[in-house]
Amino acid sequence: ELSWSSRAATEAEAVAALSCSGHGSAFVDGILVDGKHVCECNACYRGQDCSEFVQGCAADAESGDPLFLEPYWRQHAASSAVVVAGWHRMSYQTDGDYFISIELERHIRRLHSHVGNAITDGRFIVFGAGSTQLINAAVHALSPNSSASSPASVVASVPYYTVYRTQTEFFNSRAYEWKGVTSKMGGEVAANFIEFVTSPNNPDGRLQQPVLQGSSVIYDHAYYWPHFSAVKAPADGDLMLFTISKLTGHAGSRFGWAIVKDEGVYRRMLSYLGINTMGVSRDTHLRSLKLLKAMLAEERGAAGSIFGFAFSTMRERWHKLNKLVSSSDRFSLQQMRPEYCSYFGKIRDPSPAYAWLKCEKEEDRNCHAVLRAGGIISRAGYKFGADNRYARLSLIRSQDDFDLLMQRMGALVTKEKA
Ligand SMILES: C=C(NCc1c(COP(=O)(O)O)cnc(C)c1O)C(=O)O
């Protein structure tokens, strides 16, 4: 018989029962209108129940907001919900050292072993407020710690995830500086280089290796899950980043982790995070643990499991877009091929998180503008250090966003045929 938690459970279920026509959600912490919770509508929908489509609304394919997984968690409401008692973990301290939850770390190791996408034995694990916080913590930890030595040169290969450059430039430290792209690095001594290697890559989905010999490497494996990529072998880098944002879709919970081989680098990352935030929210630890337990309770590779659901959703989206664009002379996509996946134990079709679209016509030098004129919001190529003849389309957003993207792309392709 429930007691103190029943009021919270009743409130959560009442809000969840609000119909937003499948084009929005109501949230327990949402605003109240006349004392009642209201729907927060998806882009391009409005009205009290989000049932009204906004004519002419642009398809939002700009950010990697991973809402494609929301339907999965609605189908798994009971196994993923968590009640947070008013007295839950009020202390700055956690049961583990350095603001790390013992059970959550253990389940992270279990998950990597279950999926087979990373080695964690004999490695250290650090938590971050999203892997976004760990990106700079890693650069800090790999940079020279005395002002005497020259700053580390931070580099990446084009196209690269924007934040590597914007964060490094923003923090403007004496210990490191954004040096640019690996292709421009001549025979310089790579020892003082920090190279970001994103694999699979954002935006083009390629599995990548370091370019510079002898550099310190930060492997960003945000997308190295069966959702988006064949699992070829367990990743074994010296410093690897992961995030639940692209694993469970809970970008809003802000939880990522680093798997670190070297104890000195691990300790410098810990001190960074201790100084920076004194660790990740303990409420987020609780929720993340619940989500990992739910995933680990599922049958490996089953269609109804998160990996089965995520892979089939992303494969379908890529198949649809690739088929449409292959009929076009104006646009082209990155080439992806089926690959053997050790998780599913078979050759699997491509299912990248993003489309790296190229505008092929000579006059279409600004692909982002061409798409915007066609009612599609993309992310321009220059943000990835690439030519503006390229633009990224996010394929991991809500079903509404993807459906509208396909509608707008279809109109652009039809128009070129006219
Ligand atoms: C949201 C987007 N990227 C998230 C991301 C992140 C950030 O993930 P967080 O854990 O949500 O902070 C880290 N690394 C890579 C390669 C990423 O693509 C985006 O590209 O629109």
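A residue counts as near a molecule if one of its heavy atoms lies within 4 Å of it. Keep that in mind for these exercises on a predicted model, where local features need pLDDT of at least 70, side-chain atom pairs count only at pLDDT 80 or more, and totals for chains, interfaces and linings use all residues. Residues are numbered from 1 along each chain as its sequence is written, and side-chain values use heavy atoms, with hydrogens and water left out.

**Exercise 1. Find which residues come nearest to the ligand, and sort its shell by class.**

Step 1. Around the ligand there are 19 residues, and T132, Y223, T243, S245 and R254 come nearest.

Step 2. Now sort the shell: five residues are nonpolar, nine polar and five charged. Here Ala, Val, Leu, Ile, Met, Phe, Trp, Tyr, Cys and Pro count as nonpolar, Asp, Glu, Lys and Arg as charged, and the others, Gly among them, as polar.

Step 3. Helix α5 (residues 130–142) gives the largest share of this shell, three residues. Helices (H or I, at least four residues) and strands (E, at least two) are DSSP runs, numbered from the N terminus.

**Exercise 2. Work out which protein atoms pair with N or O atoms of the ligand, and how much of the ligand is buried.**

Step 1. Look for polar contacts, meaning pairs of N or O atoms within 3.5 Å. A polar backbone atom of G64 lies 2.8 Å from a ligand oxygen.

Step 2. Turn to side chains: an N or O atom of R379 is 3.4 Å from an oxygen atom of the ligand, and one of Y161 is 3.4 Å from a ligand nitrogen.

Step 3. Taken alone, the ligand exposes 500 Å², of which the protein buries 92% (Shrake-Rupley method, 1.4 Å probe).

**Exercise 3. Locate a disulfide and give its handedness.**

Step 1. Searching the whole structure for cysteine sulfur pairs within 2.5 Å turns up four disulfides.

Step 2. One of them joins C41 and C50, with sulfur atoms 2.1 Å apart. The angle about its S-S bond is -85°, a left-handed link.

**Exercise 4. Pick out the cis peptide bonds at P159 and P200, and the positive phi at D34.**

Step 1. Recall the background: most residues other than glycine have a negative phi, and most peptide bonds are trans.

Step 2. V158 and P159 are joined by a cis bond with omega about -5°; P159 sits in the loop between β9 (152–156) and α6 (163–171).

Step 3. From S199 to P200 the bond is also cis, omega near 0°, and P200 lies in the loop between β11 (193–198) and β12 (216–220).

Step 4. D34 has a positive phi, near 55°, in the loop between β2 (32–33) and β3 (36–37).

Technical notes. Polar contact = N/O pair within 3.5 Å; in protein donor to acceptor, adjacent residues only side chain to side chain.
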